[in-house]
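Colleague: Hi, I'm new to this one. Could you walk me through it?
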Amino acid sequence: MNQADARLPQISVNERDRRYALIREELRNANVDCAIVTGTNLFYVTNVILGEMFGLLPATDDPPTVVINFRQLADISVDVLLDMQEWMRDIRGGVDGSQIIARIKELKLEKATLGVAGYASINQA
């Protein structure tokens with residue numbers, strides 16, 4: 001953790017791992033292969049990254065992905081965002097769900113069962 005991180009309030013990585021384990025267990029119990037997450041549900045998964053729009057949490061131990069509004073990257077690079085926090089290691093810029101679709105394809109989940117958390121916020125966008 002760098003000096004900037006020491007000044008920011010952080011929820012521990014142990015808490016992140018606890019949350020992910022619980023969510024993944026529920027996904028597997030429901031026969032869901034991954035969850036697309038938005039809104040306040042996304043805050044719970046990412047510990048809040050400014051500009052975040054969508055997230056993807058696989059039911060496996062593959063790392064989750066978060067898509068932030070590409071405009072955020074005009075002022076702050078992905079490398080800086082990665083250094084500022086410990087929760088998310090796969091941060092992508094975008095303007096829509098295309099980066100989530102790309103991640104689904106990378107994970108070979110095109111024919112998988114997908115869950116959606118925070119759907120109301122998608123409809124309001």
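Modeller: Sure. Let's start with helix α2, residues 13-29, which lies across β1 and β2. Its direction makes an angle of about 65° with β2. Keep in mind that this is a predicted model.

Colleague: OK. How many helices and strands does the protein chain have?
Modeller: There are seven helices and five strands. Reading from the N terminus, the order is α-α-β-α-β-β-α-α-β-α-β-α.

Colleague: And in what order do the strands sit in the sheet?
Modeller: The order is β4-β3-β2-β1-β5, in an open sheet of five strands with mixed pairing.

Colleague: Which strands stand at the edges?
Modeller: Those are β4 (90-94) and β5 (114-117). Each has a single partner strand, so one side of each has no neighbour in the sheet. On average, neighbouring strands here are turned by 20° against each other, ignoring direction.

Colleague: Mixed pairing, you said. Do β1 and β2 run parallel or antiparallel?
Modeller: Antiparallel: four bridges join β1, residues 34-37, to β2, residues 52-58. One bridge to look for is V37, whose partner in β2 is G55.

Colleague: What about β3 and β4, parallel or antiparallel?
Modeller: That pair is parallel, with five bridges. You can find V67 opposite R92 of β4 there.

Colleague: What holds strands together in a sheet, in general?
Modeller: Strands of a sheet pair through backbone hydrogen bonds, and the pairing can be parallel or antiparallel.

Colleague: Back to β4. How many of its residues are buried?
Modeller: Four of its five residues are buried, so to speak of β4 as mostly covered is fair. R92 sits in that strand, and its relative accessibility of 14% makes it count as buried, the cut-off being under 20%.

Colleague: What is R92 in contact with?
Modeller: Setting aside neighbours within four places in sequence, R92 is in contact with T65, V66, V67 and I68, and also with Q99, A102, R103 and E106.

Colleague: Which helix lies across β4?
Modeller: Helix α6, residues 98-106. This helix lies across β1, β2, β3 (65-69), β4 and β5, and runs at about 140° to β4.

Colleague: Is there a residue in α6 worth clicking on?
Modeller: Try I100, which lies in that helix. I100 counts as buried, with 3% relative accessibility. Not counting residues up to four places away in sequence, I100 touches I36, F54, G55, L56 and V67.

Colleague: How far apart are I100 and V67?
Modeller: They are 33 residues apart in sequence, and their C-alpha atoms are 7.4 Å apart in space.

Colleague: And after the helix, where is L107?
Modeller: L107 is in the loop between α6 and β5. At 18% relative accessibility, L107 counts as buried, since the cut-off is under 20%. Its contacts, again without residues up to four places away in sequence, are L56, P58 and D62. L107 and D62 are 45 residues apart along the chain, with 8.4 Å between their C-alpha atoms.

Colleague: Changing topic: how many aromatic pairs does the structure hold?
Modeller: The structure holds one. The partners are Y20 and W87, with ring centres 6.4 Å apart. Their planes are at 80°, so the pair is edge-to-face.

Colleague: Where do Y20 and W87 lie?
Modeller: Y20 is in helix α2, while W87 is in the loop between α5 (78-84) and β4. The pair therefore ties together parts that are 67 residues apart in sequence.

Colleague: Is W87 buried or exposed?
Modeller: W87 counts as buried, at 2% relative accessibility. Y20 counts as buried too, at 5%.

Colleague: Which residue lies over the face of Y44?
Modeller: That's R19, at 4.2 Å from the ring centre.

Colleague: Last topic, the whole chain. What share of its residues is buried?
Modeller: Of the 125 residues, 38% count as buried. The accessible surface comes to about 7,400 Å², with 54% of that belonging to carbon and sulfur atoms.

Colleague: And what share of the contacts links residues 24 or more positions apart?
Modeller: They account for 63% of the contacts that have a separation of 6 or more. The pair of Y20 and W87 is a good place to look, with its parts 67 residues apart in sequence.

Methods. Residues numbered from 1 in each chain as written. Predicted model: local features only at pLDDT ≥ 70, side-chain atom pairs only at ≥ 80, totals over all residues. Heavy atoms only, no water. Helix = DSSP H or I, 4+ residues; strand = E, 2+ residues; numbered from the N terminus. Buried < 20%, exposed > 50% of the residue type's maximum accessible area, 1.4 Å probe, protein only. Contact = heavy atoms within 4.5 Å. Areas by Shrake-Rupley, 256 points an atom, 1.4 Å probe, with all protein chains shown as cover. Pairing = 2+ DSSP bridges. Axes fitted to C-alpha atoms, helices over the stretch in contact; angles between N-to-C directions. Phe/Tyr/Trp six-rings, centres within 6.5 Å; stacked < 30°, edge-to-face > 60°. Lys NZ or Arg CZ within 6 Å of the ring centre and 35° of its normal.
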